[in-house]
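Hi there,

Here is the structure I promised to pass on. Have a look at it first, and then read on for my notes.

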Amino acid sequence: MLLPSRSFLHVIRQSLCSVLVVAISLLTSTPSEPHDVSFPAGQSMKAGGLAFERGAFGDALSHWKQAAELYKSSKNIPAQIEALVLSSQASLGLGQSKQALQSLELALGLAQRSGDPMVEAPILGHLGRAYLTMRQLPQASEFLQQASSVAHKQNSSPLLATTLNDLGILLVLQQQDQKALDAFQESVTHAQSAGLSLLAATARTNAARALLRLHQPTESRLALDAALDQLKDLTPSSRNSSLGLIGIALAYQRLLPHLLQEHDALVLRTAGVLQEAATISEQQGDKRTLSYAIGYLGHLYEIEFRMDEALQLTRRALFIAQSVDAPESLYRWQWQLGRQLAATGQLDQAIASYRQATLTLQPIRLEVVQASSDDSFAGQNTVKPLFFELADLLLQRASLSDEDKSVDGDLHAARDAIEAYKTAELRDYFKDDCVDAVRSRLTTFDRLSPDTAVIYPIMFSSRLELLMSLPTGFKRISVPVTADQLTQEIRAFRRVVEKRTTREYLPHAQQLYNWLIRPLEAEISPLTITTLVFVPDSALRTIPLAALHDGSTFLINKFALAMTPGLTLTDPRPLNRDKLRFLTAGLTKSVQGFPPLPYVVDEVQSIQQLYKGDQLMNNTFQTSRLERELREGRYGGLHIATHGQFSTDVNDSFLLTFDGKLTMQTLDQLIGLFRFRQEPLELLTLSACQTGIGDDRAALGLAGVALKAGARSALATLWFINDEASATLIAEFYRQLRNPALSKAVALQRAQIKLLNDRIYGHPAYWSPFLLMNNWL
């Protein structure tokens with residue numbers, strides 16, 4: 001099984017804490033003076049600091065916000081700035097990123113009035129760190145570069161030390177490891193020059209991690225030894241000391257597979273450092289940090305196969321996290337406990353613990369999870385293994401049971417675990433809770449129609465599991481193909497299926513059919529199934545399933561097809577054709593360096609002939625005009641025929657307009673106008689968009705943007721088709737859609753088959769990239 005992300009504190013959170021005091025001291029041009037505790041504001045500042053030190057972020061936030069208001073009333077601007085910055089750090093600790101940004105922006109506005117760059121620069125650095133925590137890299141880079149510029153101009157070693165450490169983290173996230181190492185090492189130099197031992201130790205730890213990423217484990221070990229020596233010299237011990245020790249311990253642990261000759265010594269060193277962190281946390285009354293020290297020690301015993309001690313420590317960490325209401329650590333220890341119970345053969349207890357972990361995780365804000373994860377820092381998914389491991393355990397238990405009712409319950413629970421992950425994944429992609437709001441408005445599919453099968457392909461490392469929801473019940477089929485083999489075949493297929501002049505795609509299309517479809521045929525063939533709805537994961541989202549081939553014909557000739565991020569995210573109501581009035585927007589001319597789209601004219605004319613509606617073409621297709629039409633019009637369909645790009649990062653995805661680029665955030669706001677109407681947007685069509693080959697998250701965005709914006713269905717393309725084929729298919733789809741006896745999935749199937757049977761457009765490069773997503777009825 002995959003392990004959960006193991007380091008909460010040694011990257012962003014440790015760095016944030018270690019630079020906080022440094023940055024606060026830089027907020028005024030004169031050295032920071034102690035706050036007068038004989039006045040209420042000073043008392044609030046002190047109480048906030050004590051609360052923050054013991055990990056009580058909510059209490060700290062309350063005290064510091066009160067102090068900020070009191071300083072505002074007394075017109076003590078420097079102290080108000082300091083209280084606002086401290087409030088932002090408490091907000092980040094609670095995962096309240098928007099509130100943190102508001103506090104920092106207010107502080108920045110006050111600082112800018114001073115005209116002193118050394119007052120403004122530390123706040124710029126805090127803004128950069130906040131955006132780093134949220135993994136919004138362009139914004140983080142902008143603010144950190146501004147802070148760095150001031151630091152260099154003023155030749156301020158303290159400010160240079162903090163900013164270079166933050167820039168190093170940014171560079172790691174951008175996969176620029178050597179530059180990151182240089183930044184961390186330069187930060188160490190400036191921190192030592194300024195006498196900032198804690199920050200120097202933090203930067204050394206980050207440098208050690210960069211060295212390991214650069215395949216220099218011996219040098220990494222030496223850097224960690226130096227960081228540890230530096231921390232041990234710090235007096236008195238504090239919460240920051242504990243965080244620093246935990247970061248160092250986890251970095252030592254990461255060295256275990258790379259320095260096998262030092263294995264025993266590294267295990268002892270790691271355990272000793274974690275125990276020291278636990279002792280300091282206990283002395284400080286900081287239960288939140290104590291939970292991490294104890295929990296990570298439990299994980300160390302787990303990987304050393306000392307399960308009795310591992311279970312004991314993990315249970316203790318779990319209890320402590322519960323006592324201080326720390327869900328960002330609690331779900332990790334519930335997950336860890338489940339994994340340990342499974343390893344010791346306690347399957348039922350393991351499943352119960354995994355379920356608790358998923359329930360704990362659901363309401364946690366994204367920023368808490370992101371900031372608490374080293375693997376996400378490295379660009380890896382931090383929560384997917386939790387849901388997939390739970391599904392795996394449920395499937396294992398189903399295999400061991402002879403009772404049909406018990407088996408059916410576990411199969412449904414495994415499906416529900418995957419559905420829960422799909423929701424978390426979309427929430428992560430869009431960086432907000434919009435998906436939960438969508439789910440709350442939807443009813444569920446209690447029963448499927450007799451002609452529909454829903455298929456969940458679940459890619460485990462050693463096998464493919466196909467869960468299938470049929471009108472007759474739930475079925476499960478295991479296919480002996482590894483995730484790596486399947487992904488490799490998917491990538492190969494995706495690379496060649498776009499090539500219109502060759503049939504290189506065919507062997508891959510047939511192999512994928514043999515793995516994904518043929519094993520289901522025995523269950524499907526006795527039934528009157530005409531539509532297959534896939535809930536794909538990972539690489540499967542990037543390919544046109546319509547082009548899979550059984551050796552004699554394409555899959556689209558046998559079934560209508562649709563994709564959905566999850567049944568719990570799909571509105572089950574059929575299409576209301578009576579109120580289907582279209583707004584059509586598009587570009588035929590070359591705009592902003594993009595080529596013209598001459599066949600958009602044919603698309604628009606076909607819609608105009610079939611449906612009532614309005615048009616925004618070329619210079620009238622502007623964001624402001626689109627907003628006005630959507631606000632004032634009563635449209636059931638929105639057809640956008642323009643260049644579009646869906647990327648791994650939602651911030652880099654866009655649709656081209658005459659006067660600029662329509663970002664996903666703006667599109668969400670525009671289509672979101674429908675959320676408050678009784679009738680939602682029935683259909684969003686994007687007829688000229690494309691996703692990158694091998695970009696799984698971009699394909700997620702393709703389906704998710706319609707869902708987030710409140711559209712019940714979306715029709716879009718995996719790759720760009722700039723010829724008559726696209727216009728022909730779109731026109732046929734809309735013509736078929738007028739037939740009340742046909743679902744949207746069948747309407748698309750008939751349009752695709754029309755092109756497939758055309759002598760010119762028979763190659764799947766022309767007809768297969770069109771995907772129907774979300775509601776297929």
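**Salt bridges and one helix**

Counting side-chain pairs with a nitrogen of Lys or Arg within 4 Å of a carboxyl oxygen of Asp or Glu, the total comes to 30 salt bridges. Please keep in mind that this is a predicted model. As general background, side chains of opposite charge can pair when their charged atoms come close.

One pair to look at is Arg221 with Glu262, where the closest N and O atoms are 2.4 Å apart. Arg221 belongs to helix 11 (residues 217-232), while Glu262 sits in the loop between helix 12 (239-254) and helix 13 (263-284), so this salt bridge ties together parts that are 41 residues apart in sequence. What about burial? With the limit for buried set at under 20% relative accessible area, Arg221 counts as buried because its relative accessibility is 14%. Glu262 has 24%, and therefore counts as partly exposed. The pair also belongs to a network of salt bridges that links Arg221, Asp225, Glu262 and Arg269.

Two further pairs are worth pulling up on your screen. Glu498 and Arg494 form a salt bridge with an N to O distance of 2.4 Å. Arg494 is buried, at a relative accessible area of 1%, whereas Glu498 is partly exposed at 28%. The other pair is Glu504 with Lys499, whose side chains meet in a salt bridge at 3.8 Å, N to O. Here Glu504 is partly exposed, with a relative accessible area of 39%, and Lys499 is partly exposed too, at 38%.

Now to helix 15, which covers residues 307-323. How far apart should the ends of its 17 residues be, at 1.5 Å a residue? The expected span is 24 Å, and the end C-alpha atoms are 24 Å apart, so the two agree.

Which residues of helix 15 are buried? They are Met307, Ala310, Leu311, Leu313, Thr314, Ala317, Leu318, Ile320 and Ala321. When you look at their spacing, recall that an α-helix has 3.6 residues a turn, so residues three or four places apart point the same way. The packing partners of the buried residues in helix 15 are helix 14 (287-303) and helix 16 (327-343). Just after helix 15, Asp325 adopts a positive phi of about 55°.

Let me know what you make of it.

Best wishes

Terms used:
Residues numbered from 1 in each chain as written. Predicted model: local features only at pLDDT ≥ 70, side-chain atom pairs only at ≥ 80, totals over all residues. Heavy atoms only, no water. Helix = DSSP H or I, 4+ residues; strand = E, 2+ residues; numbered from the N terminus. Expected span 1.5 Å × (residues − 1). Buried < 20%, exposed > 50% of the residue type's maximum accessible area, 1.4 Å probe, protein only. Contact = heavy atoms within 4.5 Å.
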